[in-house]
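I opened a new page for this protein. My plan was to look things up one at a time and write down what I found.

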Amino acid sequence: MSVQLAILNFVLRYGARPFIKHTRSPKRARRDLERMAHLVFRGPHRGAHKVDLGGVSALKFTPKGAPQDKVLLYLHGGGYVAGSATSH
């Protein structure tokens, strides 16, 4: 395991998990996770565009040089209670 992964594992296990466990509502869990994510995670959000997929908001990421005729649909698990494309 890398040092970065070990640190992340520690932070999530002893910081985030107890905090989320005592969250009183899904709305607050979403808000708190978004705030935490902006402090901890730095994702490659260049090339992200908001799109509508049949009434569902989504983000479309287009890497430089990617073929335009191919798509990868990624659905994050976790019951869709907390987290978003910007936090993950």
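Entry 1, one valine. I started with Val-3 and asked whether it is buried or exposed. Val-3 counts as exposed because its relative accessibility is 62%, and exposed means over 50%. I then looked up where Val-3 sits, and it lies in helix 1.

Entry 2, the model. I noted that this is a predicted model, so I checked the confidence next. The mean pLDDT of the protein is 78, and 81% of its residues reach 70 or more. By element, I found the highest confidence in strand 1 (residues 48-53), with 86. The lowest is in helix 2 (residues 26-40), where the mean is 78.

Entry 3, the layout. I counted two helices and two strands in the protein. In sequence order I wrote the pattern down as α-α-β-β.

Entry 4, the patch. I went back to Val-3 and looked for its company on the surface. Val-3 belongs to a nonpolar patch together with Ile-7, Phe-10, Val-11 and Tyr-14. I recorded about 550 Å² of accessible area for these residues together.

Entry 5, the rings. How many aromatic pairs does the structure hold? I found one. Its members are Phe-10 and Tyr-14, with 5.0 Å from centre to centre and 50 degrees between the planes. I wrote this pair down as tilted, because planes under 30 degrees apart count as stacked and those over 60 as edge-to-face. Both residues lie in helix 1 (residues 3-21), and they are four residues apart, about one turn of the helix. I also checked their accessibility: Phe-10 and Tyr-14 are both exposed.

Entry 6, charges. I reminded myself that side chains of opposite charge can pair when their charged atoms come close. A search of the whole structure gave me two salt bridges. In one of them, Arg-28 pairs with Asp-32, and the closest N and O atoms are 3.4 Å apart. Arg-28 and Asp-32 are both in helix 2, four residues apart, about one turn of the helix. Another salt bridge links Asp-32 with Arg-31, at 3.1 Å between the closest N and O atoms. Through shared partners, the salt bridges join Arg-28, Arg-31 and Asp-32 into one network.

Entry 7, cover in the network. Which class does Asp-32 fall into, buried or exposed? Asp-32 counts as buried because its relative accessibility is 9%, and the cut-off for buried is under 20%. Arg-28 has a relative accessible area of 43%, so I listed Arg-28 as partly exposed. Arg-31 is at 39% relative accessibility and therefore counts as partly exposed.

Entry 8, the whole protein. I ended with the totals. Of the 88 residues, 8% count as buried. The protein exposes about 8,000 Å², and carbon and sulfur atoms supply 61% of that area. For contacts with a separation of 6 or more, I noted that residues 24 or more positions apart account for 48%.

Notes
Residues numbered from 1 in each chain as written. Predicted model: local features only at pLDDT ≥ 70, side-chain atom pairs only at ≥ 80, totals over all residues. Heavy atoms only, no water. Buried < 20%, exposed > 50% of the residue type's maximum accessible area, 1.4 Å probe, protein only. Contact = heavy atoms within 4.5 Å. Areas by Shrake-Rupley, 256 points an atom, 1.4 Å probe, with all protein chains shown as cover. Phe/Tyr/Trp six-rings, centres within 6.5 Å; stacked < 30°, edge-to-face > 60°. pLDDT = per-residue confidence, 0-100. Patch = residues over 30% accessible without salt bridge, like charges linked within 9 Å, V, L, I, M, F, W, Y side chains within 5 Å. Salt bridge = Lys/Arg side-chain N within 4 Å of Asp/Glu carboxyl O.
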